[in-house]
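Visitor: Please take a close look at a single part of this structure and then work outwards from there, so that I can see how that part sits in its surroundings. I would like one connected account rather than a list.

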Amino acid sequence: MKNILKASIAALLLTTTISSASAAVVQLGSISRTYGSSASTPASMPAGSCDTLNTNSVTVKDGSNCQRFYDIFDFSSLNYESLDRLELTLSFGATNALTELWRVRFADSATHGSNTKQTMDRKTGPVSQTFTLRPSQADVFSQIAANKQLFLWFSEEGLGPHNFTLYSAKLDVYGTAVPEPASMALFGIALGGLGLVRRRKPH
């Protein structure tokens, strides 16, 4: 009986340890895009787009009569319990004009973007910069988490028409993983063992 009790307690402690580990925020996966005619084409092209697809990049333009640039990052293949944040790393250049001001704008669809915008570095390029989407951006985060899709927009708020060169994008997804079936099985064994000990305990 003591051996059953010890084994049950050990299994319960092990399950607790595994559950705590699985509840920690981890990188769940990544989605990468390399832009250009020989690689990826943004979702917004070619219908009504003024952007230009180059061999190893795309030239993003801010023309008012053009289709807005957007691209879609689908992470529905990732299995997780909750979403903590999304980190998008862009490689870009030619954002260095004095009257130029480009910002990253996260969106939950091709037509609805966040009111929060993150400023891109002014660089001749190429340069890499990471932009983070957190639950505090409540106007889009919950819908992005529900749909498991991130839409990338750009906003140009400088004076006059401008453009920049986008080389690549990488989305890193962070959250808590779904508990492994093995840990649930251990938990069941532990509870079963403790129940057996209690039923056999003399009164």
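Guide: Ala-94 lies in the loop between β5 and β6, and in this predicted model its backbone has a positive phi of about 65 degrees, although the residue is not a glycine. Most residues other than glycine have a negative phi. With a relative accessible area of 27%, Ala-94 is partly exposed.

From that loop one can step back into the strand that leads to it. Strand β5 covers residues 80-93, and ten of its 14 residues are buried, so the strand is largely enclosed by the rest of the structure. β5 is joined to strand β10 (residues 163-177) by twelve bridges, and the two strands run antiparallel; within this pairing, Leu-88 stands opposite Leu-171 of β10. β5 is also joined to strand β8 (residues 127-133), here through seven bridges and again in the antiparallel sense, and in β8 the bridge partner of Thr-89 is Thr-130. Side chains in a regular strand alternate between the two faces of the sheet.

The burial of β5 can be followed into the largest nonpolar core, which has 34 residues and in which Phe-75, Leu-90, Phe-154 and Leu-166 touch the most other members. The elements that give two or more residues to this core are β1 (25-34), β3, β5, β6 (102-107), β8, α2 (141-147), β9 and β10, and the largest share, six residues, comes from β5. In soluble globular proteins, nonpolar side chains tend to be buried together. Leu-166 shows what surrounds one of these core residues: leaving aside its neighbours within four places in sequence, Leu-166 is in contact with Tyr-35, Ser-57, Val-58, Val-60, Phe-69, Leu-90, Ser-91, Phe-92 and Phe-154. Two of the core residues already named, Leu-90 and Phe-154, are thus among the contacts of Leu-166.

On the other side of the loop that holds Ala-94 comes β6, and this strand belongs to an open sheet of four strands, in the order β4-β9-β6-β7, with antiparallel pairing. β4 (70-74) and β7 (118-119) stand at the edges with a single partner strand each, so one side of each is left without a neighbour in the sheet. Inside this order, β6 and β9 are paired over six bridges in the antiparallel sense, and Arg-103 has Ser-155 of β9 as its bridge partner. Beyond β7, the loop between β7 and β8 holds Pro-126, which is joined to Gly-125 by a cis peptide bond with an omega of about -5 degrees.

Lys-148, in the loop between α2 and β9, is another residue other than glycine with a positive phi, here near 55 degrees; Lys-148 is partly exposed, with a relative accessible area of 22%. Asn-147, in helix α2, is partly exposed as well, with a relative accessible area of 38%. Asn-147 and Asp-74 are 73 residues apart in sequence, yet their C-alpha atoms are 8.6 Å apart in space.

β9 also takes part in the lining of the largest pocket, where β3 (58-61) and β9 (149-156) each supply at least two residues and where β9 gives the largest share, three residues. About 220 Å³ of space lies in this pocket, and of its 15 lining residues, Lys-61, Asp-62, Gly-63, Arg-68 and Phe-69 lie nearest the centre. By class, the lining consists of six nonpolar, four polar and five charged residues. Phe-69 links this region back to the core, since this residue of the pocket lining is among the contacts of Leu-166.

To place these parts in the whole chain, there are three helices and ten strands, and from the N terminus on the elements run α-β-β-β-β-β-β-β-β-α-β-β-α. Of the 203 residues, 39% count as buried, and among contacts between residues at least 6 apart in sequence, 77% join residues at least 24 apart.

Technical notes:
Residues numbered from 1 in each chain as written. Predicted model: local features only at pLDDT ≥ 70, side-chain atom pairs only at ≥ 80, totals over all residues. Heavy atoms only, no water. 1 Å grid on protein atoms, 1.4 Å probe; cavity = no way out; pocket = protein on both sides within 12 Å on 5 of 7 lines; lining within 4 Å. Points joined across faces, edges and corners; volume = space filled by probe spheres on them. Nonpolar A, V, L, I, M, F, W, Y, C, P; charged D, E, K, R; others polar. Buried < 20%, exposed > 50% of the residue type's maximum accessible area, 1.4 Å probe, protein only. Pairing = 2+ DSSP bridges. Core = buried A, V, L, I, M, F, W, Y, C linked by side-chain atoms within 4.5 Å. Contact = heavy atoms within 4.5 Å.
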